[in-house]
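Reader: I'd like a close look at how a pair of helices sits together in this model. Could you walk me through it?

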Amino acid sequence: MVDTKVTLSGIELSNPVIPASGTFGYGYEFAELYDINCLGTFSFKGTTKDPRFGNPTPRIAECERGMINAVGLQNPGVDKVISEELPKLKECFHKPVMANVSGFSVEDYAYTCERLNGEDQIGWFEVNISCPNVHGGGMAFGTSPEMAALVTKEVKKVTDKPVFIKLSPNVTDIVSIAKACEDAGADGLSLINTLLGMRIDLKTKKPVIHNKMGGFSGPAIKPVALRMVYQVYEAVKIPIIGMGGIETAEDVIEMMLAGATAVEVGAANLIDPFASKTIVDNLPSVMAKYNIEKLSDIIGGAH
C-alpha cells in the first residue's frame with residue numbers, strides 16, 4: 001500500500017494535490033461535480049481588500065500547449081469572502097484551506113491577511129506578489145527582493161498561520177527573491193506563477209486580450225517551472241509548493257523530485273473540471289509503477 005501523505009508547515013495532507021488559486025473558485029462550484037475532500041487542499045480565489053470587477057474582456061486567449069489569461073483578480077473583496085464565500089465553502093470542504101491574498105500596497109496585503117486570520121478553516125496563507133495582470137501592484141512586489149521581503153514581514157506580523165509567498169517567474173534571478181522571503185520569515189514558497197505572454201489576432205492585427213498581455217500557463221511552461229523549483233530548493237530550507245503545467249500524476253512526481261513538497265494544478269482545471277481528482281486517483285498506480293512507497297520520501301530526490 002503506497003503512502004501519498006505529505007506535511008505542509010505542520011499540517012498533514014492526504015496527498016500533495018492542490019488546485020491553484022483562480023482555477024477553482026471557492027470550491028463549492030466543483031463540489032457539485034465530485035467530493036472535493038479527496039484533494040490535499042486547494043487555494044481559493046485571489047482575495048483583495050476591496051471588491052474587484054477585474055479587467056475588461058476579452059480576458060482569455062488560447063495558444064499552443066497553454067493559455068493566456070488577464071482576469072485581473074476579480075473577487076468580491078475580503079469582507080464578502082468572510083461573510084458569504086467561506087460559509088458555503090465550509091459546507092462542502094472539511095479540511096484546512098489555503099487563502100490566496102493579493103494587494104496593491106503592503107498595507108493591503110497586511111489588512112486582508114489580518115481580516116482572514118480569524119477564520120478557523122484557513123490553514124495557510126498564499127500571498128500572491130506575482131500577478132502579471134494588474135497595474136500598480138501584484139507582480140511589482142514580486143520582482144524586487146526588498147519589496148518581497150517587506151510584504152513578507154508585514155504579513156507575518158498580523159497572522160499566526162503559515163505564510164507561503166507566491167513568486168513570479170518574470171525575473172532574472174528567482175533565487176535571490178526566494179532567499180529574501182525566507183530571510184524575512186516566510187514559512188514556505190509557491191512557484192511559479194504565470195509567465196507574461198501575448199497573442200495577436202492576424203485579422204484585426206491587434207492583441208487578442210484587451211490588456212494586451214496576460215499570464216501564460218499550461219503544459220508549455222512546465223520545464224521553466226521545474227527549473228525554478230529545482231534552483232530554489234537548493235537555496236532555501238523552507239518548503240516549496242510547485243506549479244506550472246501540471247496535468248498528470250507523473251507531472252506531480254516530477255515536480256516533487258525537483259523539490260516541491262506539494263503541487264498545484266492550475267490551467268488543467270479550466271480545461272477539465274475533473275483534472276485534479278483524476279491526478280489524485282492516478283497517484284497510487286503511478287507511484288507503484290516507479291517503485292515509490294512513500295511520496296514524502298521523494299521530495300528533492302533529483303538533487
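At what angle do helix α3 and helix α5 pack, and how far apart are their axes?

Author: A quick note before the helices: this is a predicted model, where local features need pLDDT of at least 70 and side-chain atom pairs count only at pLDDT 80 or more, while totals for chains, interfaces and linings use all residues. Residues are numbered from 1 along each chain as its sequence is written, and side-chain values use heavy atoms, with hydrogens and water left out.

Now to your pair. Helix α3 (residues 106-116) packs against helix α5 (residues 145-158) at about 30 degrees, and their axes are 9 Å apart. Helices here are DSSP runs (H or I, at least four residues), numbered from the N terminus. The axes are lines fitted to C-alpha atoms over the stretch in contact, with angles running from 0 to 180 degrees between N-to-C directions. So α3 and α5 are roughly parallel to each other, a label for angles under 35 degrees.

As for who meets whom, α3 brings Val106, Tyr109, Ala110, Cys113 and Glu114, and α5 answers with Met147, Leu150, Val151, Glu154, Val155 and Val158; contact means heavy atoms within 4.5 Å. By class, that makes nine nonpolar, no polar and two charged residues. Here Ala, Val, Leu, Ile, Met, Phe, Trp, Tyr, Cys and Pro count as nonpolar, Asp, Glu, Lys and Arg as charged, and the others, Gly among them, as polar.

Tyr109 also turns up elsewhere: it is one of the residues that Asn128 touches. Asn128 itself lies in strand β7 (residues 122-128), strands being DSSP runs of E, at least two residues.

Definitions and conventions:
Parallel < 35°, antiparallel > 145°, perpendicular 65-115°, else oblique. Lists of a residue's contacts leave out its neighbours within four places in sequence.
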